[in-house]
Amino acid sequence: MCSAAVKKQNPQSSAMAQSLELLLIQFLMPDNDARRQAEDQIKRLAKDPQVVPALVHHLRTAKTPNVRQLSAVLLRKKITGHWAKLSPQLRQLVKQSLIESITMEHSPPVRRASANVVSIIAKYAVPGGEWPDLLPFLFQCSQSAQEDHREVALILFSSLTETIGDSFRPYFADLQALLLKCLQDETSNGVRVAALKAVGSFIEFTYDASEVIKFREFIPSILNVSRQCLASGDEDVAIIAFEIFDELIESPAPLLGESVRAIVQFSLEVCSSPNLESSTRHQAIQIISWLAKYKSNSLKKHKLIIPILQIMCPLLTEATNRDEDDDDLAPDRAAAEVLDTMSLKLPKHVFPPVFEFASLSIQSVDPKFREASVTVLGVISEGCVELLKEKLGPVLHIVLGALRDPEQVVRGASAFALGQFAEYLQPEIISHYESVLPCILTAIEDSSDEVKEKSYYALAAFCECMGEEILPFLDSMMGKLFAAVQTSQRMLRETCMSAIGSVASAAEQAFLPYAERVLELMKTFMVLTSDEDLCSRARATELVGIVAMVVGRARMEPILPPFIEAAISGYGLEYSELREYTHGFFSNVAELLEDGMVQYLPHVVPLAFSSCNLDDGSAVDIDDSDDDENVNGFGGVSSDDEAQDEPRVRNISIRTGVLDEKAAATQALGQFALHTKSAYAPYLEESLKILVKHSSYFHEDVRLQAITGLKHILTAAHAIFQGHSDGASKAKEILDSVMTIYIKTMNEDDDKEVVAQACMSVADIIKDFGYVAVEPYMPRLVESTLVLLREESVCQQIESDSDIDDDDTGHDEVLMDAVSDLLPAFAKAMGSHFAPIFATLFDPLMKFAKASRPPQDRTMVVACLAEVAQDMGAPIAVYVDGVMPLVLKELASSSATNRRNAAFCVGELCKNGGVSSLKYFADALRGLYPLFGESEPDDAVRDNAAGAVARMIMAHQESVPLNQVLPVFVKVLPLKEDHEESMPVYSCICSLVLSSNPQIVPLVPDLVNVFAQVALSPIETPEVKVQIGRAFAHLLSLYGQQMQPLLGNLSPTHANALAAIAPKS
């Protein structure tokens, strides 16, 4: 049917229409030459605005649907450029014709193509009030008895949401009701699918939480339509459901229980269907991942954790061909991501079923299940760290057994899991070195390169935290590593170099016999220039820096120049990873040489500057398929409802190499400033500018280095401006910039590690520069600390459905330990003046001491209280009743750290708590007593218990039954590990001796022995030894000859050391 309006054409557009008709027919011919000619002529004609009425004419009158569809496609492409040039009458004609095409056209592709043109014109016409009847028409159309009208109206709603979504706001409720009705359309699958797409478009546009909530009632209908689509093979439509769920999950509005259950059930059905496309399954797994991330409490509340794990764990057995391009879509990879997220969010609920799966699967005859068994333990090791540590014996039994499996994939997975354990299960994993290390050393000689590489990674991670335990293995280990680094393939060689670095750090001085050979070997790698060798060169550069630190300045400085020359020349090779490792190398060299680094600054600082200033803008490819010169011509244009007039962003990628390089260069600037101090003056201003800029960089790795480096810049500035006439004001200016950034970071940064570093840096500044320097910032610092203690800062914002369940709250080691260190820093700087500030911080701090919190939280509070009491002094008295019960309870903790901190705190509270603490003395002594006995395995705990008793005696001697306490006290001396307790402990003993306390007399033989050991100790300070010397001289003056047998029992070395510290009369 054609419109009368279209028939009346002026002669110009009539001529255009005639020539265009032939060209459109020619364009659709199979002959490529004819097609190309037609395309060129259409492009020429399309530059004239008269092409618009001509195309409209053919859209309505052409005999074949193909020509009508092509007319609509071309109109969509050209209307944007010509719309403004059209007369009002022509515009009206175009709108009228399109509406007619949508309602009267029989061909669905032509209807959809016309709908696409409508959405483009609406973008310009609706906001200006030029098309008032469009929305009423759509509402009318969507309720038409004709199925195809309903469908095309929904298609238009979808595309219009993207262009004129705001115009729908007044009709939001009506539109939602309409969409829900169409989702449940009983007669047409097409309408239901179009409604699903419209909901997808609409929810993407909706930002208001109250509007998003209303979509929750759509979930059952969405699931019905999606299941129908999957059954009929329309997977690409079914996955729209996942896009909708994605929006619902990310919105702050809570999901209803039934909804969560239904979404999880559907997602699990899809991801466990191997016959579906991997991209469809991936979308389903992604939804589970989002739920774990944003709504983990809902999963717990609705008992969905076990059903999810029952699907996810077996998915790990679906190992795909790793050469495929869509590796990231592989179900096993995606399932591992879900398990990782769930273990981080819900460790206590995840670990038991996963451990059960691993224990059963390791016995399977199917190697894929044995591989999954150890893979899953590696995957959850970061999240379930505490639970894995408790079960480390049985877990290692599984993993080390798998390292001897006949199947390579199982051995590879086992080596991966060991690497993860070595990274996350410190320090407990190290205590199993006798069983773990020999297994890894066997595995690095595996027949499979993949197993070898993972084993080197495990070896590197394992050795990183070892100490002298490594020594018995050192020789065989280095023999194997030397052989491997010279003969292996590149990839293995690089992992091998990492392992040598870890071994060097662990072995320290014992590594010296191997250092020369390592350095000589690395020299050969540090001069390689071919592209494929640059990664090895980067690792070698890193390794030389590590070995140099172990060897020390005296031996290293004379042989460094050729390495430094090679490192500098590497910058010219245009390889980001090499530059990154070279910055790390020079950070190490600066730490090693200190003032010896000054000569190299003119060469290396500009290189660090240029890496810091690299352009790392997101690499974005625009696919502008609307360009007239587009080589695909019109043939590349989709004519269905997915066509868009906006350029499509095809690919956004951040160049991560550049990011790592920036982080390393930023770190290097801080290290240069810290170690060369006043000699860094020429570079101070530019470095400060870069670090200030990087403190608000988009990626946390770079921000972290900037926040660390700013403190070092401050140290250098302090040295540079000392003695300058205007030095104080310049240093103050820099301090002001740095403190402002730190306070802003504490409040606004979203990364916990970055915020923790800002807190530690503030504590260091207070320590280094004193209270006067930070006084102007104290109100803001205290406010920021308060927000962090209340867990209300930006970096502590957690999932939206969180009724926080203390049961799953892990200790925030990264952040809260750093925050709690601020209070002692304030107390140290302010002394008793800290009291009014501490009063505001006390209650938020004590929240972490609740019985429901993890033991690490409680010991953090106890340690913080102890240090505050130590430096704030008497004002702590008002808190004694509030905290002493907690501290006494902690003395019996199963954790040595908790007992140690509690003993320290008891002593400080008794010493500074005045009369408030006296009533607790008897309970305190009772609680401390077991820490002196054989049953206490930890020397540091015992030393702190001795420190506590010493403080109690010094503060209120009359309240301590010395006749019972002193024999037990003296028996544990000398101190074994925590020599910070030396001053209080030995001052107490010496004071009792010098005052000739009668209770000390029976203990004189023991004391002479203790004094001799202290006199000979290389660790004890001269101040301690002077006190001991005075007490010993006093005993000599009292007992004279009676002392001779006691001295005769000492070894000559001990006797001489004791004589040397006694004051000469």
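Ala1055 counts as partly exposed because its relative accessibility is 24%, and the class of partly exposed residues lies between the buried limit of under 20% and the exposed limit of over 50%. In this predicted model, Ala1055 belongs to helix H56, which covers residues 1052–1061. Ala1055 and Asn1009 are 46 residues apart along the chain, and a distance of 9.5 Å separates their C-alpha atoms.

A second partly exposed position is Asp701, which falls in this class because its relative accessibility is 35%. Asp701 is located in helix H38, a segment that comprises residues 700–721. Together with Asp660, Glu700 and Glu753, Asp701 forms a negative surface patch. Residues enter such a patch with over 30% relative accessible area and no salt bridge, and like charges are joined within 9 Å. The value of 35% for Asp701 is therefore compatible with the area cut-off of over 30%.

At the level of the whole chain, the secondary structure consists of 56 helices and two strands. The chain contains 1065 residues, of which 55% are buried. The exposed area of the chain is about 45,600 Å², with 52% of this area supplied by carbon and sulfur atoms. For contacts between residues at least 6 apart in sequence, 74% connect residues that are at least 24 apart.

Key: Residues numbered from 1 in each chain as written. Predicted model: local features only at pLDDT ≥ 70, side-chain atom pairs only at ≥ 80, totals over all residues. Heavy atoms only, no water. Patch = residues over 30% accessible without salt bridge, like charges linked within 9 Å, V, L, I, M, F, W, Y side chains within 5 Å. Areas by Shrake-Rupley, 256 points an atom, 1.4 Å probe, with all protein chains shown as cover. Salt bridge = Lys/Arg side-chain N within 4 Å of Asp/Glu carboxyl O. Lys, Arg positive; Asp, Glu negative; His and termini not counted. Charge placed at Lys NZ, Arg CZ, Asp CG, Glu CD. Helix = DSSP H or I, 4+ residues; strand = E, 2+ residues; numbered from the N terminus. Buried < 20%, exposed > 50% of the residue type's maximum accessible area, 1.4 Å probe, protein only. Contact = heavy atoms within 4.5 Å.
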